[in-house]
Amino acid sequence: MNRSKWHGHVRVRAASLAGCTALVLALTGTGAQAHSPSHHHDPARQTLGAGDGWASHGTGTTGGAAADAEHVHTVTDWAEFKAALADGGSAPKIIKVKGTIDAVFEGCEAFAAPGYDFDAYLEKYAPQTWGLERDLSAEPDDSPEGLRRASAAQQDTAIKANIPANTTIIGVGRNAGIKGASLQIKGVDNVIVRNLTLESPVDCFPQWDPTDGSQGNWNSEYDTAVVYGSTHVWLDHNTFTDGEHPDSEAPTHFGMLYQQHDGELDIVRGADYVTASWNVFTEHDKTILIGNSDSESTAVGDRGKLKATFHHNLFSNLVERAPRVRFGQVDVYNNHFVADAGYSYSFGIGKESQLVAEHNAFTLPKGISPAKILKRWNDSPLTAAGNRVNGRSVDLIAVHNAEIPAETLRSGAGWTPTLRTAVHPARIVPVLVEHGAGAGRIR
């Protein structure tokens, strides 16, 4: 993560905050409840503290804290990691990740179906010969698209890891991580993921869709983490990043970015009771999606669910979706958003969303207006209070409506969050987050 774009700015402001330094040190010290949600000395057995976001609702989130000795694993490679996940079904388990695990250590070539050739794919489906009126869904199995599908299916099987119920996955020390994998938290309850650098998976075989938009587009699969129909999930002190494969280094084909990333975190399909705390989300385009569709068939399973809390996270050098919300009661407080020149928006206001965004800090570069922080996709009221932009208090809804009157937003999400840890003034949030967020920062 490149902190140089904002580190100096934060320090200058911090120096001007009388008395804040001692407060920050106290709040990020080894005994801080914000960093030690339970009183277990072993971080692998820590549970989410009472009142700490939506994941603390009801039965709370304990992950694998009750695991016996036979279900505590230390893993150092992808095969060991997947074997540990499979051991014991839904019995409580703790998986300690040591070092960096690479799910694609053999490279993309290992997934390619016999006969697949990317140059042949480009030649066959070039817009000047194939056109932009028909998609590739009818292409036979022995076509370049058919061979791409077969290759993609092999990657899908290889890099997805299904996380069972009652599981804690935690990095050991300051340099633990998983790269190239898609963590599937699907249809289960009670999962904790902590202290890991999670490098976004690269889709080795994106699909060209000639009918996507006016010029066609490349579409990719594989979110870094997916919470799909699951409940009581706590994501804490992780770093989500594109790492060695940023979009800025991706090539273009057919005049469009060869997109090889999907989201960093998706919360979809009736998922509920999620807390994301003290994480870093950095260097990515489509970052966090809550609710994946406006369709009525999907809405039936999403209404009344998709409740999530985001607090004390750093959102750095992202394009959009931090988060984009449909349906859910989503509480976003005490986060720091640091934008660069490629910034599009932070909060996407989607169908029937009920977003509360309070006491957050935004650092925007010169030339980017605070009006861009909110993006209206649907007419859904939200609450946005106590936020600061570049050190000044800003009414995000008012400035948005003044500058973008064609997309007027209404105030008042219709609910008041109660499941919060200590709420800090937005003016000290950049310093708190700098000192506390991301992998390797658990105390």
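## Starting at Phe-254

Let's begin with one residue in this predicted model. At a relative accessibility of 22%, Phe-254 is classed as partly exposed, because buried would require a value under 20%. Its neighbour in space, Trp-218, is a buried residue, with a relative accessibility of 2%. Trp-218 and Phe-254 make a stacked aromatic pair, with 5.6 Å from centre to centre and 15 degrees between the planes. Trp-218 belongs to strand S11, while Phe-254 sits in the loop between strand S15 (252-253) and strand S16 (256-257), so this pair ties together parts that are 36 residues apart in sequence.

## A wider group of rings

How many aromatic pairs does a search of the whole structure find? There are 21 of them. Another one involves Trp-218 again: with Phe-118 it forms a tilted pair, 6.4 Å centre to centre and with 50 degrees between the planes. Phe-118 is in helix H4 (residues 118-125) and Trp-218 is in strand S11 (residues 217-219), so here the parts tied together are 100 residues apart in sequence. Phe-118 is partly exposed, at a relative accessible area of 23%.

Now let's step back to see the group. Ring pairs link Phe-118, Tyr-121, Tyr-125, Trp-130, Trp-208, Trp-218, Phe-254 and Tyr-258 into a cluster. One member of this cluster, Trp-130, also has a charge over its ring: the charged end of Arg-134 sits there, 3.5 Å from the ring centre. Elsewhere, the charged end of Arg-420 sits over the ring of Tyr-333, at 4.8 Å from its centre.

## Helix H6 and its surroundings

Helix H6 covers residues 144-159, and its length is a nice thing to check. With 16 residues at 1.5 Å a residue, the helix should span 22 Å, and its end C-alpha atoms are 23 Å apart, which agrees.

Which residues of H6 are buried? They are Pro-144, Glu-145, Gly-146, Leu-147, Arg-148, Ser-151, Ala-152, Gln-155 and Ile-159. Charged residue types appear in this list too, including Glu-145 and Arg-148. The elements that cover these buried residues include helix H3 (78-86), H4, strand S4 (160-162), strand S7 (182-186) and strand S10 (207-209). Helix H4 is also where Phe-118 of the ring cluster lies.

## Strands side by side

Strand S7 takes us from the helix to a sheet. An open sheet of eight strands, with parallel pairing, follows the order S4-S7-S12-S17-S20-S23-S26-S29. Its edge strands are S4 and strand S29 (374-376), each of which pairs on one side only. Inside this order, S7 and strand S12 (residues 225-228) pair in the parallel sense over four bridges. Lys-186 stands opposite Tyr-228 in S12.

Strand S8 (residues 189-194) makes another good example. Is S8 mostly covered or mostly open? It is mostly covered, with five of its six residues buried. Strand S5 (residues 167-171) pairs with S8 in the parallel sense over four bridges, and Ile-170 has Arg-194 in S8 as its bridge partner. S8 also runs parallel to strand S13 (residues 231-236), and five bridges join them. There, the bridge partner of Ile-192 is Trp-234 in S13. As a rule, side chains in a regular strand alternate between the two faces of the sheet.

## Backbone details

Some residues stand out for their backbone geometry. Asn-195 has a phi near 60 degrees, a positive value in a residue other than glycine. Asn-195 lies in the loop between S8 and strand S9 (197-199), and it is buried, with a relative accessible area of 6%.

Asn-317 is not a glycine either, yet its phi is positive, at about 55 degrees. Asn-317 is located in strand S22 and is buried, with a relative accessible area of 4%. A cis peptide bond, with omega about -5 degrees, joins Ala-322 and Pro-323. Pro-323 is in the loop between strand S22 (314-320) and strand S23 (324-325).

## How confident is the model?

The mean pLDDT of the protein is 92, and 91% of its residues reach 70 or more. Some stretches score lower. Over residues 1-18 the pLDDT stays under 50, and the model has 30 contacts beyond four places in sequence for them. Residues 29-36 also have a pLDDT below 50, and this stretch has 18 contacts in the model beyond near neighbours in sequence.

Technical notes
Residues are numbered from 1 along each chain as its sequence is written. This is a predicted model: local features need pLDDT of at least 70, side-chain atom pairs count only at pLDDT 80 or more; totals for chains, interfaces and linings use all residues. Side-chain values use heavy atoms; hydrogens and water are left out. Rings of Phe, Tyr and Trp (its six-membered ring) pair if their centres lie within 6.5 Å; planes under 30 degrees apart count as stacked, over 60 as edge-to-face and the rest as tilted. Helices (H or I, at least four residues) and strands (E, at least two) are DSSP runs, numbered from the N terminus. Buried means under 20% relative accessible area, exposed over 50%, partly exposed in between (1.4 Å probe, protein chains only). A charge sits over a ring if NZ of Lys or CZ of Arg is within 6 Å of the ring centre and within 35 degrees of the ring normal. pLDDT is the predictor's confidence in each residue, from 0 to 100. Contact means heavy atoms within 4.5 Å. The expected span of a helix is 1.5 Å times one less than its number of residues. Two strands pair if DSSP finds at least two bridges between them.
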